[in-house]
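Student: I should like to learn how to read the features of a structure that is new to me. May we go through it together, one feature at a time?

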Amino acid sequence: MNNRNDTTPGAEDAPPMVRFAGVTKRYGDLVVLDSLDLDVAAHEKVAIIGPSGSGKTTVLRMLMTLETIDDGTIWVDGEPLTHMERGGALVRADPQHLRRMRGHIGMVFQHFNLFPHMTALKNCMEAPITVLGLSRDEARERAGELLSMVGLGDKLDHYPSQLSGGQQQRVAIARALAMRPKVMLFDEVTSALDPELCGEVLSVIRTLGREHRLTMLMVTHQMGFAREFADRVCFFDQGRILEQGPAEAFFAQPREARTQQFLRAVMEAV
Amino acid sequence: MPPKLTLALVAGTLAFAAGLYVASLTPLGDLIPELLRGAQVTAVVALGGSLFALAMALLAGLTRLYGPAPLRWLAFAYIETFRGTSALVQLFWLFFVLPHFGITLAPMAVGIMALGLNVGAYGAEVVRGAIGSVAQGQWEAATALNLSRAQTLRRIVLPQAFVAMIPPWGNLLIELLKATSLVSLITLSDLAFKAQQLNQNTLRTVEIFGSVLLVYLAMSLLITAGMRSLERRASRGLRRGKVA
Amino acid sequence: MKIWDWDYAWEVLPILAEASVVTLQATLAGFLLALVVGLLFAVGRMTGPAWLRWSVTGVVEFLRSTPLLIQIFFLYYVMPEFGITLDAMPTGVLALGLHYGAYCAEVYRAGLDNVPRGQWEAAIALNLSPWVTFRRVILPQAIPPIVPALGNYLVALFKETPLLSVIAVLELMQTAKILGSESFQYTEPITLVGLFFLAFSLVSAALIRQVEKALQPRAGRRT
């Protein structure tokens, strides 16, 4: 389950679940992502690591349509995300198309971003009711199940301010899952937590990976977790993928000097 | 009603009645009915003006943020004009100049409208600021959950902005209360008018103006207390406490 | 009747221009007084014996919570009873200065609170006298961030000078009313007065924004 032998991304017959094709992102003069090509297969778990400013968070944010792209195209499950097909050609996606495609993607944020004026249960019910049109009872049932799955079945009526950081992040995971996305994005989800609270969140992610057929992209600093959990690791540096490969091989034998330097520095910091 | 609230209301009413009785025994006694009538008019103008101001603030603030371009500009013009000119000038303009355009309103209506438009312009900026103060992460989380902008505003952002709005609105409402004294200058018999009138009739200047100032002070404190309790109730889940 | 009489407007413009001088005089004098009074109030709330701090707090709350109009009347009618008879203009300036002094006191308080405790402690460690500490260490740090807020109160004060018309100070509003009552044409004078205030407000708002921007680099705000 952890290591796969046929490791070339996109080698399967099925189209990749996520494809970045020549994607570029600029902030003024600064090129954050430089003509990025990245394929993620269905059910694949990819860990994205790298120094800050390397563009890794931008990759997730663009996939979640929180940022626009300047060049290139992003595809999700065979359909274009950032563009749409009009008369055989690709044009920039309009808001309706974006909204439709966005439903395939879910995201968990570094700072949780739970809705503070709603209980844990309501947080998980809101979008299914408002966006998916579920009835109140259906949404409540789904939310209850998910919150139990992340170990918070007894905290349904708690407000975020009454929960620890680890608990809040688990609610955030349940909230994102309630929308039944095909792709789950995790943006440094343990970076804002006290070290002893990381374990409970990582354990939930591990369970997710085992029991649900989700495609997962994770930006993380947790190298140990990435090594053990991810199928593939991508090392980003200055807006490009410097090196990538199956997790175990990547960590055991990093090829590039920069990768080795980075991994050494991160391991020393622990 | 919770028992504590009932008790507070009963105690407050008794204290007020007792205070009135005691005051009526003092040399101020004969002035009190007149002053109360004036205070009533002040309260009506303040209440009407507040509601109008709230409506204008929401309308102008939201339009300024999310409306189509021409309406946005209109909201901007309204806000800048009424914030940039004097409340008294606005009041006089509506009172003296509108009739020339064929619109003749009762002084009460003019007063409420002028105050509502004036405070509403400041309120629009409060609304804008409060919506802006909601963390960007909330918008992003809502986007990630695929809520539309309207849904996000209605269900996520405005409820949080509402709490942020309460303290500045409290200040604005006190400003509005003080501004009601201006309507005495367009012949409304409010508290300020009564003060002037009684002073000219009886020349008991210190007593009259002293008590009038105290009444305004009392009304201000009432507003402040009301806003504080509103804020407490509205921020139930939002207590910005430390996360463990 | 015409909506707008350009001839009449031109006619009254010079008269209003003269009155605007009175308005500006009242504004500046009132604001200077407010700045001084405000600082005294702020210091009074911070230092001194408890009874002084409590009474200053009470006075400031009182001034802020009651209408300026009544305060103007109070001073105008009550002061003579205590033997102080001032003309309308000085009375008006005094009322403006006290009322806005109370507002400025709050602004000063915020500015003073923002100066880190460590500054006071360092001054004590260096054995600086309280007076010198205040003047040379604290105030220079407290004032710059609050200049925009004080500027806003200057504009607010300016916009309340028409209230002085009730005690017959010949500023813009009073002049406009007199002109209107003489000619029965109120539209032109009052509109012109309104436009004058609007122009002044917009200009000073822009100026204050410039001042704010100029002071920005030091404050280190989030980008």
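Tutor: Let us begin with the pairing of strands. Two strands are said to pair if DSSP finds at least two bridges between them. Please keep in mind that this is a predicted model.

Student: In what order do the six strands of the open sheet in chain A stand?

Tutor: The order in chain A is 8-9-10-3-11-12, and the pairing within this open sheet is mixed. Strand 8 (105-108) and strand 12 (240-246) of chain A each have a single partner strand, so they stand at the edges, with one side of each left without a neighbour in the sheet. From one strand to the next, the twist averages 20°.

Student: Which helix packs on this sheet, and which strands does it touch?

Tutor: Helix 5 (residues 165-177) of chain A does so, touching strand 8 and strand 9 (183-187) of chain A. The direction of helix 5 makes about 170° with that of strand 8 of chain A.

Student: In which sense do strand 3 and strand 10 of chain A pair?

Tutor: Strand 3 (residues 45-49) and strand 10 (residues 215-219) of chain A pair in the parallel sense, over four bridges. As an example, Ile48(A) has Val219(A) in strand 10 of chain A as its bridge partner. In general, the side chains of a regular strand alternate between the two faces of the sheet.

Student: How does strand 1 of chain A pair with strand 2 and with strand 4 of chain A?

Tutor: Strand 1 (residues 18-27) and strand 2 (residues 30-40) of chain A run antiparallel and are joined by seven bridges. Val18(A) has Val40(A) in strand 2 of chain A as its bridge partner. These two strands form a hairpin with two residues between them, and Gly28(A) in the turn has a positive phi of about 65°. Strand 1 of chain A also runs antiparallel to strand 4 (residues 71-76) of chain A, with five bridges between them. Here Arg19(A) has Trp75(A) in strand 4 of chain A as its bridge partner.

Student: How should a pair of packed helices be described?

Tutor: Two packed helices are described by the angle between their axes and the distance between the axes. In this model, helix 5 and helix 6 (residues 195-211) of chain A pack at an angle of about 20°, with their axes 8 Å apart. That angle makes helix 5 of chain A roughly parallel to helix 6 of chain A. Helix 5 passes helix 6 of chain A in a right-handed crossing. Among the residues that make the contact are Gly165(A) and Ile173(A) of helix 5 and Leu197(A) and Val204(A) of helix 6 of chain A. By class, this contact of helix 5 with helix 6 of chain A has four nonpolar, three polar and two charged residues.

Student: Which chains share the most contacts?

Tutor: Of the two pairs of chains in contact, chains B and C share the most contacts. In that pair, 29 residues of chain B are in contact with 30 residues of chain C. Helix 9 (205-234) of chain B is one of the elements that give two or more residues to the side touching chain C, and it gives the most, with eight residues. By class, that side of chain B has 17 nonpolar, 10 polar and two charged residues.

Student: Where does chain A stand with respect to chain B and chain C?

Tutor: In the pair of chains A and B, 20 residues of chain B are in contact with 25 residues of chain A. On the side of chain B that touches chain A, helix 6 of chain B gives the most, with six residues. No contact joins chain A and chain C, and their closest C-alpha atoms lie 14 Å apart.

Definitions and conventions. Residues are numbered from 1 along each chain as its sequence is written. Chains are lettered from A and ligands numbered from 1 in the order in which they are written. This is a predicted model: local features need pLDDT of at least 70, side-chain atom pairs count only at pLDDT 80 or more; totals for chains, interfaces and linings use all residues. Axes are lines fitted to C-alpha atoms, for helices over the stretch in contact, and angles run from 0 to 180 degrees between N-to-C directions. Two residues are in contact if their C-beta atoms, placed from the backbone, lie within 7 Å. Ala, Val, Leu, Ile, Met, Phe, Trp, Tyr, Cys and Pro count as nonpolar, Asp, Glu, Lys and Arg as charged, and the others, Gly among them, as polar. Angles under 35 degrees count as roughly parallel, over 145 as roughly antiparallel, 65 to 115 as roughly perpendicular and the rest as oblique. A crossing is left-handed if the near helix is turned anticlockwise from the far one by less than a right angle, and right-handed if clockwise.
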